[in-house]
Each structure stands twice: as C-alpha cells, then as structure tokens.
Amino acid sequence: MSIDRLHQATAALTPPFAVVDLDAMHANTTQLVRRAGGKPIRLASKSLRCRDLIERVLRVPGFDGVLAFTLPEALWLAATLAPELGDIVVGYPCVDPEPLRALAADEQAAARVALMVDGVEQLDLICAAVGPDGPPLRICLDLDASLRLLGGRLHLGMRRSPLHAPAEAAALARAVLARPRLRLVGVMSYEGQIAGLADNRPDKPLLRTGVRAMQHLSRRELADRRHAAVRAVQAVAPLEFVNGGGTGSLESTAAEAAVTELAAGSGVYAPVLFDHYRVFTPRPAAYFALTVSRRPARGHVTVLGGGWIASGPAGPDRLPTPVWPPGLSLVPTEGAGEVQTPLTGVAADSLRLGDRVWFRHAKAGELCERVNLLHLVEDGRIVGEVPTYRGEGHAFL
C-alpha cells in the first residue's frame, strides 16, 4: 500500500500516531516463511512488542513459538497466548529471583518456557532462587555466534555469550544435568554480524565489499562450529531444538543440518535498517506520523517531536527517516529532536502548518516504546487499533 493511501485512511487521526500496514505485514511474513525453506520460525517478540500482532503472525503457517526478551514477558505471554501457538524461549538470561520463583511455582508456565543460560554462575543463581522442589525448569544454552580472528584479538559480531567452542558448550550441558531440577532442551545462537548487517548499501561500495567478505567467512566458520557444538551437546543430552538465524540470514542458516528452527522478527515490520539486503526486499509495514508546527525558513519546516532514536551505536543510521511527502531529510546539525525536528528539502515549501510528515523507524519493535496504540490499516482503510506492550501497561525492558 502506498503512503498516500495510508495518509488518506488515517485522515481523522491526530498525530503523533503509529500505523501498521497489514497488507505489507502479510507480504513480509509470507516472504519470511518462503525464505526459511520449510524450517519453522520462532518469532522474536521484541521486534513486534504488540501481543495482538504477535498472535496474528504465530497463526501464519510456518511460524511456531516465541523468542521472548525477558522472563516477565515470557510469563505474561505464556498466560495469554493460546498453547497451540507454541512454546516460549527467553532469549536473554534472567538474574532476577522474583520472576524465577514465579516460573518455578507455575507448573504450566514451567512446561512452556525455557530459560537462557551461558555460564555456571547463572545456573547457580537459578537454583538458589527456586530451591530443589517443584516442576523441572527448561534450559537453553546460548552459543556465541561471533567471528573471532587473530586468536580472538579481532571480534566481529555480538558480545552475547562466553560459550564459543564446542567443548565449552558441552561442559555447560553437563553442568545443567548435574542440577536435578534443570532440564536441557535447546541450543540457540544469533549471528548478528550476518543477520543484522546490511550487505547491499548503495552509497558505500567499499563497506559493502568488506561486509560481504566478512559474512561469507563467518557463515562458513559458524556452520562448522555450530554443527560441532550441537554434536558435542547431544553427546551429553538429547535436544528438542537448535535455534539460529535472524531476518537477514534465514536462507544460509536454514541450510545448516544442525539447525532445527530459525528466529526472525524485524522482517515483519521491515524497518529502515533492513532496506539494503541482496537476498530479500521486504515491504515497509510500520510508520509514524508527526505534525508540521513551524516554518523557520524557506526550504525548511519543523515537526513536533520526532526524537525516536533507535538503539545501537550512535549514528545517522539510528535516526528515523522522513519518507512522505518525498523530498524531505533531517537537518544534519540537529537530527531528530526531543521536542521538535527540523526538516529540509524540496517538499518543505509545499507543507502548511498542521500537515503531516510520515516517518519510518530505524529498528522494528522500538517504535512501540513510543506509542500506546498501533492503528491497523488494510486495503486502504483502518480496520482496528491494538495496544502495544506500553499501551497494556508493560515495560519489559
């Protein structure tokens, strides 16, 4: 759907507001399933942060289960999402005793939720919090997927887990089995340097070449190491699942025999950071609109608010992007501001006070930290509105 049609469909709304184009979202989920090559996709909830849309995506054939980002979120989803939508893996370790005790006291949640660990210290913390009696707790190991070169002096990728070598993963698997209340069920790894790094930036040819070379090397290294690590862990205990990948690496990760399921989420909304990949082209599905409040000079307008900056290394690629009307850009000396955002470009002089400017966020679910509601547009009309996590009163991060 064009932004012109979104603009017409939302004419009665007062900015700031956020919109999800359901037609684009459906096209993106269909593309993700096709790219997964028959392996199930575990939905990364942090990339949506809206329970209604999480449930919609999980009902698409090819999606199964949730990769949550905190244990309190996982407990809430376990209590509110239908059981047939799959189990829940907490993507990051929990060190807060209170939700650990809540999980340990809820037999149904304990049977559906898996905790993430990457060291013995976390196992000790879990056991100290929950005690020896009660239902078994499901455990997943987080295998580091980064590319380490020059004896580890060069690190490319996420700094998530200390478990890098197969022997390290097997040793932690044995430590899990040594604790009677814990049950090892899975291994996951997230190759951020492949899945989350665009390889087709048209404006930076040298960077593009370097990224492609690094990703080619990293894919080969990780496939071999992940296969060896899974075999080493399976020699200790059987596994229910081996999770890998991300929106940007579904094809290559799906090709690994050791991987039984994939993870993805950002490709559902298709934020700006996913605009430049060679192997797929998603349709932007999430937008927000702001109001023109000033005309400071010829060729410039100012919108109210707009400082919706994405996480990660501070830089221009973390800023929201004005996309409609075409021909607008941020002012480099001011960027996206807390209370106002100046814009410049050929479209500025045609805008009046009270007109709207449409933006796309740099990252996916972080847009939902700014709004309570997402307005859903389908076939050129508003078909509903659904609360974000924030709108339901939850702050899981």
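Hi everyone, let's start with one small residue: alanine 270 is buried, with a relative accessible area of just 2%. You'll find alanine 270 in the loop between helix 12 and strand 12. What caught my eye is the backbone, since phi of alanine 270 is near 55 degrees, a positive value in a residue other than glycine. As a reminder, most residues other than glycine have a negative phi, and most peptide bonds are trans. Before I go on, please keep in mind that this is a predicted model.

There is another residue with that kind of backbone. Arginine 49 is not a glycine either, and its phi is positive, at about 55 degrees. Arginine 49 sits in the loop between strand 2 and helix 3. Is arginine 49 buried or exposed? With a relative accessible area of 6%, arginine 49 is buried, because the cut-off for that word is under 20%.

So what does the side chain of arginine 49 do? Arginine 49 makes a salt bridge with glutamate 369, and the closest N and O atoms are 2.9 Å apart. The two partners come from distant parts of the chain, 320 residues apart. On the other side of the pair, glutamate 369 belongs to the loop between strand 17 (356–360) and strand 18 (373–378). Glutamate 369 has 36% relative accessibility and counts as partly exposed.

Let's stay with salt bridges for a moment. How many salt bridges are there by this rule? The count comes to 24. One of them joins aspartate 275 and arginine 360, again with the closest N and O atoms 2.9 Å apart. Aspartate 275 is in the loop between helix 12 (266–269) and strand 12 (286–297), while arginine 360 is in strand 17, so this pair ties together parts that are 85 residues apart in sequence. Arginine 360 counts as buried at 8% relative accessibility, whereas aspartate 275 is partly exposed at 32%.

Then there is aspartate 144 with arginine 148, whose side chains meet in a salt bridge at 3.1 Å, N to O. Here the acid is the buried partner, as aspartate 144 has a relative accessible area of 2%. Arginine 148, at 33% relative accessibility, counts as partly exposed. And if you like networks, have a look at Arg42, Asp87, Arg138, Arg183, Glu240 and Glu261, which are linked to one another by salt bridges.

Now let's turn to the overall fold. Eight strands close into a barrel, in the order 2-3-4-5-6-9-10-11, and the pairing is parallel. From one strand to the next, the twist averages 30 degrees. To see one of those pairings, look at strand 6 (residues 137–142) and strand 9 (residues 182–189), which run parallel and share six bridges. Within that pairing, cysteine 140 has glycine 186 of strand 9 as its bridge partner. For a helix, try helix 4 (residues 71–80), which lies across strand 3 (63–68), strand 4 (88–90) and strand 5 (113–117). Helix 4 runs at about 170 degrees to strand 4.

Last stop: cis peptide bonds. Proline 15 and proline 16 are joined by one, with omega at about 0 degrees. Proline 16 is in the loop between helix 1 (3–9) and strand 1 (17–21). Tryptophan 324 and proline 325 are also joined by a cis peptide bond, with omega at about -5 degrees. Proline 325 lies in the loop between strand 14 (321–324) and strand 15 (329–330).

Thanks for listening, everyone!

Conventions. Residues numbered from 1 in each chain as written. Predicted model: local features only at pLDDT ≥ 70, side-chain atom pairs only at ≥ 80, totals over all residues. Heavy atoms only, no water. Pairing = 2+ DSSP bridges. Helix = DSSP H or I, 4+ residues; strand = E, 2+ residues; numbered from the N terminus. Axes fitted to C-alpha atoms, helices over the stretch in contact; angles between N-to-C directions. Contact = heavy atoms within 4.5 Å. Salt bridge = Lys/Arg side-chain N within 4 Å of Asp/Glu carboxyl O. Buried < 20%, exposed > 50% of the residue type's maximum accessible area, 1.4 Å probe, protein only.
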